[in-house]
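Biologist: I would like to go through this model slowly and ask, for each term, what entitles us to use it. Could you begin with the word that will come up most often?

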Amino acid sequence: MSLSICPWKYGKRWVYSITYDEALADLHRFAVPMHEEYGIPGHVEILVGQMGQIRKAGNSSYNGFRHMNGEELRDLLARGWGVGNHSWSHEVITPEMVDEEIGRARQVLEEALGEPVILYCSPGNNTNMADHVLQACRRYGYLGAMSLTDALNLPGDELFWINRTALHDHYYEPFYSAYDPYRNIRQAEAVQGWLIDYCHCPLEEPVHPNKDCSEAQLRQRLETVLSEGGDEVWCAVPEEALGYHLTRRHARIEAVEDGAEAQRYRIGLAGLPAQVPYRSLTLEAGVPGAWCRDPRVVVDGRELAAEVVRPGVLRVTAPVRDGTEVEIRVPPRP
């Protein structure tokens with residue numbers, strides 16, 4: 001008999017998240033309604049120094065668009081979305097700039113949102129994933145940093161270099177490409193990966209084809225994720241996936257009782273950062289086959305519905321804390 005933690009929440013095989021750099025108000029034209037339609041939460045990264053303002057950032061293709069303000073960002077949070085820091089100025093961050101770009105930006109954004117900000121998203125390119133930037137992210141209390149590297153994230157990967165897949169009409173030269181709604185999905189299924197898409201503001205036509213997709217391509221992508229993923233994909237905001245990742249990484253299971261009538265375990269979370277916002281785990285218990293007839297699982301004194309996922313294996317998802325107790329009892333005889 002044993003108790004183990006699933007790689008991802010609900011025992012899902014892979015994870016899908018989608019992010020929108022800049023947090024432009026025009027996301028309400030197509031992207032936000034589409035997410036509501038499909039029930040997939042989204043995530044935006046806001047240029048904090050221009051929050052609520054008309055964008056003016058270098059030679060950006062999105063200059064002239066308006067960044068969301070605090071009220072609009074709080075509305076997204078209420079819809080189940082996430083919000084991250086995309087720097088203060090969208091410039092190359094030197095060591096002298098980290099206090100403003102990483103520290104002040106987080107403080108101002110948290111004041112606007114009324115809740116903690118745990119994710120930094122590199123603006124421009126991976127130049128802003130330099131060591132001094134990531135050190136500042138750790139110092140200012142972030143839990144992760146998102147890059148522009150096109151790759152999956154695995155259950156044991158480093159969280160201060162989170163990879164994202166470009167959801168763009170096509171890539172920059174010399175690596176031209178055609179839009180592929182299946183990009184990285186099959187690999188995510190095969191390796192139990194976390195796939196994070198990124199784009200900017202899908203409209204009728206991509207504002208910049210090397211930085212964005214169209215609204216029709218976005219719809220095709222979301223439909224493909226759901227049709228290919230089926231019951232095996234967990235669609236989650238990055239903050240929730242990150243929270244699960246960290247909680248699982250810090251969890252230690254101690255067997256307290258292994259009897260003929262009950263199994264009891266204690267879960268320790270020593271060292272789990274205090275700012276982790278989501279602290280649930282999906283647990284699988286190996287039990288005698290007879291215990292699966294009418295499974296009874298009690299977590300911290302509360303009986304929860306358990307799923308029989310295969311012969312002799314029960315699964316349950318529950319909030320946990322340092323010292324959480326899990327008890328699996330023999331079912332009552334008729």
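Modeller: Two strands are said to pair if DSSP finds at least two bridges between them. Please keep in mind that the model is predicted.

Biologist: How do you know that β10 and β11 are paired, and in which sense do they run?

Modeller: Six bridges link β10 with strand β11, residues 262-268, in the antiparallel sense, and since pairing asks for at least two bridges, β10 and β11 count as a pair. Two of the partnerships can be found by residue: A255 has Y265 in β11 as its bridge partner, and D258 has Q263 in β11. With three residues between them, β10 and β11 form a hairpin.

Biologist: Which strand is joined to β11 besides β10, and how many bridges join it?

Modeller: Strand β17, residues 324-329, is joined to β11 by six bridges and runs antiparallel to β11. Among the partners here, R266 has E325 in β17 as its bridge partner. These strands belong to an open sheet of five strands, with antiparallel pairing, in the order β10-β11-β17-β13-β14.

Biologist: What makes β10 and β14 the edges of that sheet?

Modeller: β10, residues 252-258, and β14, residues 302-304, each have a single partner strand, so one side of each is left without a neighbour in the sheet. Between neighbouring strands of this sheet the average turn is 25°, with direction ignored.

Biologist: Why is β12 described as largely enclosed?

Modeller: A residue is called buried when its relative accessible area is under 20%, and in strand β12, residues 280-286, seven of the seven residues are buried, so the strand is largely enclosed by the rest of the structure. Its side chains leave in two directions: S280, T282, E284 and G286 point one way, whereas L281, L283 and A285 point the other way, and all are buried.

Biologist: Which strands are joined to β12, and by how many bridges?

Modeller: Strand β1, residues 2-5, is joined to β12 by four bridges and runs antiparallel, with L3 having A285 as its bridge partner. Strand β16, residues 313-319, is joined to β12 by seven bridges, again antiparallel, and there L281 stands opposite A318.

Biologist: Is Y171 buried or exposed, and how do you know?

Modeller: Y171 has a relative accessible area of 18%, and as buried means under 20%, Y171 is called buried. Y171 lies in the loop between β7, residues 165-166, and α5, residues 185-191. The C-alpha atoms of Y171 and P209 are 7.7 Å from each other, with these positions 38 residues apart along the chain as the separation.

Biologist: And what is R74 called on that scale?

Modeller: R74, which is in helix α2, residues 70-78, has a relative accessible area of 39%. That value falls between the limits of under 20% for buried and over 50% for exposed, so R74 is called partly exposed. R74 and A112 are 38 residues apart along the chain, and their C-alpha atoms are separated by 8.1 Å.

Biologist: Turning to the whole protein, what makes it as compact as a globular protein of its length?

Modeller: The protein has seven helices and 17 strands. Its radius of gyration is 22 Å, and the globule rule gives 20 Å for 334 residues; the two values are close, so the protein is as compact as a globular protein of that length. The C-alpha trace spans about 70 × 40 × 35 Å along its principal axes, and 54% of the 334 residues count as buried.

Biologist: Which residues lie nearest the centre of the largest pocket, and what classes make up its lining?

Modeller: The largest pocket, with a volume of about 620 Å³, is lined by 28 residues, and G124, L148, Y172, Y198 and K211 lie nearest its centre. A lining residue has an atom within 4 Å of a pocket point. The lining contains nine nonpolar, 13 polar and six charged residues.

Biologist: How is the second largest pocket lined?

Modeller: The second largest pocket holds about 180 Å³ of space, and among its 14 lining residues E115, P116, E239, P277 and Y278 lie nearest the centre. By class, this lining has nine nonpolar, three polar and two charged residues.

Methods. Residues are numbered from 1 along each chain as its sequence is written. This is a predicted model: local features need pLDDT of at least 70, side-chain atom pairs count only at pLDDT 80 or more; totals for chains, interfaces and linings use all residues. Side-chain values use heavy atoms; hydrogens and water are left out. On a 1 Å grid over the protein atoms alone, a cavity is a set of points where a 1.4 Å probe fits but cannot get out, and a pocket is an open set with protein on both sides within 12 Å along at least five of seven lines; lining residues have an atom within 4 Å of a point. Grid points are joined across faces, edges and corners, and a volume is the space filled by probe spheres set on the points. Ala, Val, Leu, Ile, Met, Phe, Trp, Tyr, Cys and Pro count as nonpolar, Asp, Glu, Lys and Arg as charged, and the others, Gly among them, as polar. Axes are lines fitted to C-alpha atoms, for helices over the stretch in contact, and angles run from 0 to 180 degrees between N-to-C directions. The radius of gyration is taken over C-alpha atoms; the globule rule is 2.2 Å times the number of residues to the power 0.38. Buried means under 20% relative accessible area, exposed over 50%, partly exposed in between (1.4 Å probe, protein chains only).
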